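Here are my notes after a look through this one, with the empty spaces and the packing between chains in mind. Have the model open while you read.

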Protein chains: 4
Amino acid sequence: MVQKVGVLGAKGRVGQAIVEGVHAADDLELVAALDREDDLQTLVDQGAEVIVDFTTPGSVMDNLEFCIQNGIHCVVGTTGFDQGRLDQVRQWCEGADANVLIAPNFAISAVLTMSFARQAARFFDSAEVVEYHHPNKLDAPSGTAIHTAEGIAQARREAGMGAQPDATEQSLDGARGADVDGVAVHAVRMTGMVAHEEVIFGSQGQSLTIRQDSYDRTSFVPGVLIGVREVAKHDGLTVGLEHFLDI
Amino acid sequence: MVQKVGVLGAKGRVGQAIVEGVHAADDLELVAALDREDDLQTLVDQGAEVIVDFTTPGSVMDNLEFCIQNGIHCVVGTTGFDQGRLDQVRQWCEGADANVLIAPNFAISAVLTMSFARQAARFFDSAEVVEYHHPNKLDAPSGTAIHTAEGIAQARREAGMGAQPDATEQSLDGARGADVDGVAVHAVRMTGMVAHEEVIFGSQGQSLTIRQDSYDRTSFVPGVLIGVREVAKHDGLTVGLEHFLDI
Amino acid sequence: MVQKVGVLGAKGRVGQAIVEGVHAADDLELVAALDREDDLQTLVDQGAEVIVDFTTPGSVMDNLEFCIQNGIHCVVGTTGFDQGRLDQVRQWCEGADANVLIAPNFAISAVLTMSFARQAARFFDSAEVVEYHHPNKLDAPSGTAIHTAEGIAQARREAGMGAQPDATEQSLDGARGADVDGVAVHAVRMTGMVAHEEVIFGSQGQSLTIRQDSYDRTSFVPGVLIGVREVAKHDGLTVGLEHFLDI
Amino acid sequence: MVQKVGVLGAKGRVGQAIVEGVHAADDLELVAALDREDDLQTLVDQGAEVIVDFTTPGSVMDNLEFCIQNGIHCVVGTTGFDQGRLDQVRQWCEGADANVLIAPNFAISAVLTMSFARQAARFFDSAEVVEYHHPNKLDAPSGTAIHTAEGIAQARREAGMGAQPDATEQSLDGARGADVDGVAVHAVRMTGMVAHEEVIFGSQGQSLTIRQDSYDRTSFVPGVLIGVREVAKHDGLTVGLEHFLDI
């Protein structure tokens, strides 16, 4: 059975990639590709069952309110959701026939890296994160790397593990990375690279490395399509693609 | 509460590492370290609650029968278990007060690599395995790599995925690796290396790599200690450490 | 001092990237960006000192003859040069005021990987090559990987080294890769990847890995610019960017 | 022709590995394996042509003086050589029939990594170093990593390159590593690991990674044997194995 999909923000670089992804999927049909000026009513007229929103913080709330009221599920990659906005969306979903997925990261390899890191954490004495990005990135470490480290730290706490072993006595400033909740995080900035994250775990005589490489800016497409296919099955608001992966 | 542990095969290289591991663990007490000539009755006399058996195919069955009859749990890394032997052990466990864990691989990083590979498989178009070992290894690929590829292949089948994309028309013999159930497996033999496995997954614009490195031959110790701590909770016979990891 | 540069094949995807690269370089000035229909005489009229040719096997020889006769140096990435064509170009260069660089690979990271591999080869018992490409590639292994393996094999021979250690007795077909002159080469095909090569060397207790990643199709630009800047200093025909790198 | 070799410090862990390495080499003959108490005169009596010294700062100078005076070449891995000691050794070598190699690092993979890093540096906009060691290491980053970064920095200066691109505005303390002469160096501490160094270079659309892994503490042996075989050809004092590698 083919699902009818609308894309909001369809002319942006991200939106274009999603439009192509929907076109290429046999089980999805693109029924509306809207941009800033276009009327949301088109979604209803064309019978859209799910929309994908990669627009702007300024327009996403209006889009969501309209879609939820009209029983259209929403998959959202737009940024800028604080607790207040999430609560608002959750409230709109109550009693409505539409579900919403909001995710900060749709790159499936990044989402799995975080999930596996959390699963692995309690089996290893040591855990560190190294992320690699192009040198135009403004923040270090990346939000994903910080989030990954926090997940590891939480898993260690839940397993009753203490501080990581580290006998360093003499250190150049910064050599041992940033301390995120007891997990060292290192940020490399490298011309030519895109977005890459490596999580390393060590135990007696062995290490485990989970590495994610994003080679171009369409890497979120497969995750968005999973969202589109699964959102109807997850009632209300879900935050984070990992909850759709059954792992 | 401290568990009382006996080690069988305690003078072998592996056994010695386990003896050291048990000594180093606060929650475990070594009450018997037996080798070939020693009397199994010592285990009972010393009140062993769990034994670890890294002996030989020739002696392991006698050891297990004795321990199970005496209500001592068993964690077994000895090789040579075919279906007949497993059935025999399962039968001994019926009605007995002892559980048994038999595992082909106790390196926790290798066990997690296989588990994560199976979880990740259905999210990626492509999956291949590269394993690296010292050049004295007799078989290629390693049993672990074959097992990993089979797990990936099964997960792909269960998700209804078809063959992997591969447009190769012109190939040197062997370049594309061994075909294990539709998953390419490559074996590198390298002086200086020990045992390493890399599983690579690819999807649009991204890849996920899960890599396991064993640096020395004590890498099974943490996994054995997990077995020792958990075996009392898993009734009967369990085959494979992954079933003890709650992932 | 600024060099005046012409680009032939300027409207192709590769040519566009070179045009951008020349524009971005302070020491280079783009004086002509020609495509199929355009008159080569423009190069002379605009005072081009060097041209870059990424055109087609059908037009490159005419381009080179014209440029050499007019004292314009040539940096060539166009494919299809057999011995006959190279001899012809060499002959044109004799007595002319123009030099020519023809290179099969301008990705500086790939050229250095090959060079370092050749330097390292005699110090290690073991050497293998693993290359990774997108699954639309028609040949396996890549030409670069084969070339790298041949370089390693030659360096081993020159150092009087024998066959690599390998005790494999039992092997799945293809597991140990393709045999290129005694060096195993493995080809991985992976959706999302672009072009990547890894050369691994092993010796007692250690390994050395040289890895090259091409993330997008503009990775040849820095190498082309080196060619443009250096070609005036290298008399006659040079084949291979490595001869310009002083390593 | 077989060379006669003496080993000083033969009973230490390092010395034992060298003794085994000399035994295993067809072109070398072990004629003396001395430890603390033994008489150096044995070296002369047994006709040693080269000695290997992995002893202590307290005894190495006496050993060198004796050997140089007796025309025995020296390959030295003992630590603690400051400028004064090097000058003393250089003076002893003048007019003597013996040469001396003193090297801080005999792991051939580490020496090549540093050498290749220096060669590659001027071709890439970005360069960073990540080193990985067991968590009992006292200093961070490792001396080798600092030395590598300094070599890269020097090569960049000689090529007239400026600061590396880095738009970071918002950073957790330490995230961007230690600044060694303008090159970021990151130190990971990981149970199970031994000693590993990765140098990463980035340029448009590509990266080059040179990685060295030491899996056990015998990784210096091949480098020591190169020293033994080559020291007769290099007059006077040489500091650093790289000068023997002809690269």
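**Cavities and contacts**

1. Let's start with the big space inside. This is a predicted model, and the lining of its largest cavity is made up of 16 nonpolar, twelve charged and seven polar residues. The volume of that largest cavity comes to about 650 Å³.

2. Which residues lie closest to the centre of the largest cavity? Out of 35 lining residues, they are Glu198(A), Glu198(B), Glu198(C) and Glu198(D), together with Arg211(A). Glu198 of chains A, B, C and D is worth putting on screen for that reason.

3. As for the strands around the largest cavity, chains A, B, C and D each bring in β11 (195–203) and β12 (206–214), and each of these strands supplies at least two residues of the lining.

4. How many cavities of 30 Å³ or more are there? The count is two, and the second largest has a volume of about 40 Å³. Its lining consists of Val111(A), Met114(A), Ser115(A), Arg118(A), His147(A) and Glu242(A). By class, that gives two nonpolar, two polar and two charged residues.

5. Helix α5 of chain A, residues 108–120, is the one to look at here: with four residues, α5(A) gives the most to the lining of the second largest cavity.

6. α5(A) also packs against helix α5 (residues 108–120) of chain B, with the axes 11 Å apart and an angle of about 145° between them. Is the crossing of α5(A) and α5(B) left-handed or right-handed? It is right-handed.

7. On the residue level, α5(A) uses Leu112(A), Phe116(A), Gln119(A) and Ala120(A) in this contact, and they meet Leu112(B), Phe116(B), Gln119(B) and Ala120(B) of α5(B). Six of the residues in the contact are nonpolar and two are polar, with no charged ones.

8. Now over to chains B and C. Their contact takes 48 residues from chain B and 48 residues from chain C. Between them the two chains bury about 3,200 Å², and 60% of this lies on carbon and sulfur atoms.

9. Which three residues of chain C supply more of the area it buries against chain B than any other three? They are Leu138(C), Met190(C) and Thr191(C), with 17% of that area.

Note on methods: Residues numbered from 1 in each chain as written. Chains lettered and ligands numbered in written order. Predicted model: local features only at pLDDT ≥ 70, side-chain atom pairs only at ≥ 80, totals over all residues. Heavy atoms only, no water. 1 Å grid on protein atoms, 1.4 Å probe; cavity = no way out; pocket = protein on both sides within 12 Å on 5 of 7 lines; lining within 4 Å. Points joined across faces, edges and corners; volume = space filled by probe spheres on them. Nonpolar A, V, L, I, M, F, W, Y, C, P; charged D, E, K, R; others polar. Axes fitted to C-alpha atoms, helices over the stretch in contact; angles between N-to-C directions. Left-handed = near helix turned anticlockwise from the far one by under 90°. Contact = heavy atoms within 4.5 Å. Buried area = accessible area lost by both parts, 1.4 Å probe.
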